[in-house]
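Here is a short walk through one chain, from its overall make-up down to a few odd backbone spots. Keep the model open beside the text as you read.

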Amino acid sequence: MKGPNNHEDLHFLLLPFMASGHMLPMSDIAVLLARRGASVTLITTPLNATRLRPTLAPHHPLISLVALPFPPATDSGLPDGCESFDALPSRDHELAFLRATESLLAPTLRHLRARGRAPPSCVIADAFLPWAREIAREFCAPRLVFHGCACFATLCFHNLIAHGALARVGHERERRIFVPGMPHEVEITEEQLLVDVTRLDDFSVEMWEVGEAADGVVVNSFEELEREYLDVYREAAGKDVWMIGPVSLSNNPSNTMDRGGKASTDELRCLDWLDQREPKSVIYVSFGSIGRLSPPQTAELARSLESSGRNFMWVIKGNTNDNGLPEEFKEEPITERRMVVRGWAPQVAILSHGAVGGFVTHCGWNSTLEGVCAGVPMVAWPLFAEQFLNEKLVVDVLRVGVRVGVERPSGWAGEGVGVVGIETIERALEDVMEGGEEGVLRRVRAREIREMARKAVEIGGSSFVNMTRLIEYVSEYRY
Ligand code: UDP
């Protein structure tokens with residue numbers, strides 16, 4: 001009989017989307033599969049492969065990293081010129097790089113075969129790569145889709161599309177709509193749903209249809225966090241949904257590793273600075289791998305953090321000098337009270353440091369989950385994509401966060417929205433760090449959920465068992 005970690009006959013082909021927020025969890029999934037004894041081929045861009053190799057290659061001989069020849073990418077992992085919606089000449093340009101991977105992949109797969117690798121027994125592909133359907137068909141392998149979102153957000157989109165609600169979205173961007181078919185009322189504006197509703201084009205439709213036709217869905221979350229939504233989604237999707245997360249926590253139970261494999265600021269410098277701060281005294285501020293605030297908003301946040309009188313560590317992306325950061329922050333990024341990190345920060349390690357008491361986040365799903373795993377209450381400051389839905393999950397459902405009340409998506413580069421004022425930001429910071437009785441309850445809930453997350457990834461926990469089931473499904477699959 002086969003042991004639980006004896007799956008050398010299985011070969012998973014993993015196709016992550018190239019942006020960090022998609023690629024990092026997929027590389028964690030690769031590690032989880034390799035730990036069960038399966039071999040894994042992870043296909044990504046040269047930049048991502050260079051970043052992942054030091055963390056994956058020496059420790060996981062069952063994982064092969066394959067780099068596609070790909071246009072030069074920026075820090076976020078996206079091709080040069082795609083970081084700002086303004087910089088995108090048209091939606092066609094964006095599609096072009098997604099499509100390019102399709103033509104690049106055929107020779108790569110031939111090359112892999114020539115090197116004698118077994119054909120994949122399963123393809124796990126990001127929802128942004130609908131062409132993965134053909135690859136899976138070619139190999140007669142099951143295809144699982146990875147959305148990179150919470151079950152909550154995936155269900156919202158599923159229901160909006162299935163009920164035709166997105167197709168009806170028009171130009172009344174402030175119009176509020178209720179997401180149909182949810183266990184609780186979820187209200188959102190048309191505009192918050194998508195950065196640009198006019199981008200609901202053929203590609204989005206194809207993505208949706210191909211996702212719907214997948215054999216199963218892999219979710220980086222855990223059942224105890226989103227059970228209600230999981231039950232409804234499973235029923236609605238009519239297929240297996242495996243919640244196997246938080247994948248960063250499974251691979252790193254002590255939560256002390258830098259997952260980016262590329263710390264432009266020395267990890268130790270951040271942790272040393274935190275070591276010298278009082279427990280729970282630091283506000284950690286980060287808007288993810290691509291999110292940026294507009295210069296006036298950056299200036300306002302800087303003023304708020306200064307006037308809060310609290311310690312803070314702030315990660316800032318983008319290299320321009322006119323990003324609104326006050327001169328003294330640039331000249332003296334590290335003081336008693338502040339540390340400004342320009343570049344890539346070891347976020348998982350920072351969040352789990354005992355000195356961090358609050359997390360100002362753009363509500364990217366990975367960051368949100370990392371905040372949950374660390375048991376740190378959050379200030380929800382969504383910028384784009386499904387982050388407005390994650391805000392609702394954090395603030396209204398899980399009740400481990402407060403909102404600053406952003407109304408409109410800003411796009412990756414933070415253009416085109418009003419500035420959240422200093423009073424609002426200060427109030428949110430005060431609420432998350434103190435917040436009276438409700439603040440105490442928020443912190444208690446955050447700690448309880450952290451414990452649930454830890455249990456979920458332990459041997460016998462829900463996510464551990466779901467991974468076993470996923471592997472069994474693939475072992476027994478017959479085309
Ligand atoms: N991240 C990091 N250091 C940084 C910026 C981001 O480690 O300086 C990691 C973060 O921990 C998370 C991922 O990058 O795992 C970002 O994903 P998320 O879904 O939160 O946001 P996105 O970048 O996709 O908007």
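First, a yardstick for burial: a residue is buried if 20 or more other C-beta atoms lie within 10 Å of its own, exposed if 12 or fewer, and partly exposed in between, with the C-beta atoms placed from the backbone. This is a predicted model, in which local features need pLDDT of at least 70 and side-chain atom pairs count only at pLDDT 80 or more, while totals for chains, interfaces and linings use all residues. Residues are numbered from 1 along each chain as its sequence is written.

**The chain as a whole**

The chain has 479 residues, and buried ones make up 48% of them. It holds 18 helices and 15 strands; these are DSSP runs numbered from the N terminus, helices being H or I over at least four residues and strands E over at least two. Take two residues as in contact if their C-beta atoms, placed from the backbone, lie within 7 Å. Of the contacts in the chain with a separation of 6 or more, 70% are between residues 24 or more positions apart.

**Helix α2 and its buried face**

Which residues of helix α2 are buried? In this helix, residues 46-56, they are Leu47, Asn48, Arg51, Leu52 and Leu56. Looking down the axis of α2, you find these buried residues within an arc of 140 degrees, so they line one face of the helix. The arc is taken over the directions from the helix axis to the C-beta atoms. As background, an α-helix has 3.6 residues a turn, so residues three or four places apart point the same way. The cover over the buried residues of α2 includes α1 (20-35), β2 (39-44) and β3 (63-67).

Asn48 is worth a click. It sits in helix α2 and counts as buried because 28 other C-beta atoms lie within 10 Å. Its C-alpha atom is 8.2 Å from that of Ser20, and the two residues are 28 residues apart along the chain.

Another buried residue, Leu166, sits in a loop, the one between α5 and β6 (176-178). Leu166 has 20 other C-beta atoms within 10 Å, so it is buried. Leu166 and Leu193 are 27 residues apart in sequence, with 9.0 Å between their C-alpha atoms.

**Helices that pack on each other**

Two packed helices are described by the angle between their axes and the distance between the axes. Here the axes are lines fitted to C-alpha atoms, for helices over the stretch in contact, and angles run from 0 to 180 degrees between N-to-C directions. Angles under 35 degrees count as roughly parallel, over 145 as roughly antiparallel, 65 to 115 as roughly perpendicular and the rest as oblique.

| Helix pair | Angle between axes | Axis distance |
|---|---|---|
| α5 (residues 151-162) and α15 (residues 387-397) | about 125 degrees | 9 Å |
| α8 (residues 223-237) and α17 (residues 436-457) | roughly 90 degrees | within 10 Å |
| α14 (residues 365-374) and α17 | about 100 degrees | 6 Å |

Start with α5 and α15. At about 125 degrees, α5 is oblique to α15. The contact brings Phe152, Ala153 and Cys156 of α5 up against Leu389, Asn390 and Leu393 of α15. By class, that makes five nonpolar, one polar and no charged residues. For these classes, Ala, Val, Leu, Ile, Met, Phe, Trp, Tyr, Cys and Pro count as nonpolar, Asp, Glu, Lys and Arg as charged, and the others, Gly among them, as polar.

Next come α8 and α17, whose axes cross at roughly 90 degrees; the two are therefore roughly perpendicular to each other. Glu223, Glu224 and Leu225 of α8 make the contact with Ile449, Met452 and Ala456 of α17. This contact has four nonpolar, no polar and two charged residues.

Helix α14 packs on α17 at about 100 degrees, which makes α14 roughly perpendicular to α17. Val372, Cys373 and Ala374 of α14 meet Ile449, Arg450 and Ala453 of α17. The classes here are five nonpolar, no polar and one charged.

**Odd spots in the backbone**

Most residues other than glycine have a negative phi, and most peptide bonds are trans. Where does Cys140 lie? It is in the loop between α4 (132-139) and β5 (143-146). Cys140 has a positive phi of about 55 degrees, though it is not a glycine. Cys140 counts as exposed because it has 12 C-beta neighbours inside 10 Å.

Arg399, in the loop between α15 and β15 (401-403), also has a positive phi, near 55 degrees. Arg399 is partly exposed, with 16 other C-beta atoms within 10 Å.

Finally, the peptide bond from Gly245 to Pro246 is cis, with omega near -5 degrees. Pro246 belongs to the loop between β9 (240-243) and α9 (247-250).
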